[in-house]
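Take a look at the aromatic side chains first, then at the fold as a whole. The report below follows that order.

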Amino acid sequence: MQESLQVYEDKMNKTLEVLESDYMTIRAGRANPHVLDKIKVDYYGTPTPLQQVGNINVPEARMIIIQPWEKSLLKAIEKAILTSELGINPTNDGNVIRLVFPELTEERRKELVKDVKKKGEAAKVAVRNIRRDANDFFKKQQKADEISEDDLAEAEDDIQKLTDKMIGKIDKAIEAKSKELLTI
């Protein structure tokens, strides 16, 4: 039964990891190279992650410099950034691409906090769905006389404790990211 619980705990942990990696891509006014994680560049006809086609540096708090390994990629990188949801116009000087992050307005910060909360709620729903799947699995086992009613009750109790723990971690992640966004 413990190995069955472990499977559902792993799924819940994966949900939290996905949420935290999503939060890394939300910019908080400071330059963070993780905002580029989801951007793919057309590299000889193949969508390739931006990190694999050049060096990414953060020389200042609000600037990212992308230096492609091949100068012929400058236009493709520029196009990929323009078509992404980043909302920043890249500056191409023929050697590197500069991304200057403007200060976030109060309105934009509040918008981003709403987005953070929405993603957090989606993660909570995913965790609750995993709990439901786990409970269904153990109920089927009990119906097939593979586990006793006491084992079923214990498993459901363990799954509920795990769910509460994960939702607590998600709430902490939401709170931390919201605080980061609202700090000027």
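Searching the whole structure, a predicted model, turns up four aromatic pairs. Tyr43 and Tyr44 make one of them, in an edge-to-face arrangement. Their ring centres lie 4.9 Å apart, and the planes meet at 65°. That angle counts as edge-to-face because it is over 60 degrees.

How exposed is each partner? Tyr43 is partly exposed, at 28% relative accessibility. Tyr44 is exposed, with a relative accessible area of 63%. The cut-offs explain the labels: exposed means over 50%, and partly exposed runs from there down to 20%.

Phe137 and Phe138 form another aromatic pair, also edge-to-face. Here the centres are 5.3 Å apart and the planes stand at 70°. Phe137 is partly exposed, with a relative accessible area of 31%. Phe138 is at 0% relative accessibility, so it falls under the 20% limit and counts as buried.

The two pairs, side by side:

| Pair | Centre to centre | Angle between planes | Geometry |
|---|---|---|---|
| Tyr43 and Tyr44 | 4.9 Å | 65° | edge-to-face |
| Phe137 and Phe138 | 5.3 Å | 70° | edge-to-face |

Which residues join Phe137 and Phe138 in a cluster? Tyr8 does: ring pairs link Tyr8, Phe137 and Phe138.

Now the fold. The chain holds four helices and six strands. Read from the N terminus, the order is α-β-β-β-β-α-β-β-α-α. A helix therefore opens the series, and two helices close it. Four strands follow the opening helix. Then come a helix and two strands, ahead of the closing helices.

What is the radius of gyration of the chain? The value is 22 Å, whereas a compact globule of 184 residues would have one near 16 Å. The C-alpha atoms fill a box of roughly 70 × 40 × 20 Å along the principal axes.

Burial and contacts come next. Of the 184 residues, 39% count as buried. Among contacts with a separation of 6 or more, 63% join residues 24 or more positions apart.

Last, the surface and the charges. The chain exposes about 11,000 Å². Carbon and sulfur atoms supply 50% of that area. The chain carries 31 positive and 34 negative charges. The mean positions of the two sets are 8 Å apart.

Terms used
Residues numbered from 1 in each chain as written. Predicted model: local features only at pLDDT ≥ 70, side-chain atom pairs only at ≥ 80, totals over all residues. Heavy atoms only, no water. Phe/Tyr/Trp six-rings, centres within 6.5 Å; stacked < 30°, edge-to-face > 60°. Buried < 20%, exposed > 50% of the residue type's maximum accessible area, 1.4 Å probe, protein only. Rg over C-alpha atoms; globule rule 2.2 N^0.38 Å. Contact = heavy atoms within 4.5 Å. Areas by Shrake-Rupley, 256 points an atom, 1.4 Å probe, with all protein chains shown as cover. Lys, Arg positive; Asp, Glu negative; His and termini not counted. Charge placed at Lys NZ, Arg CZ, Asp CG, Glu CD.
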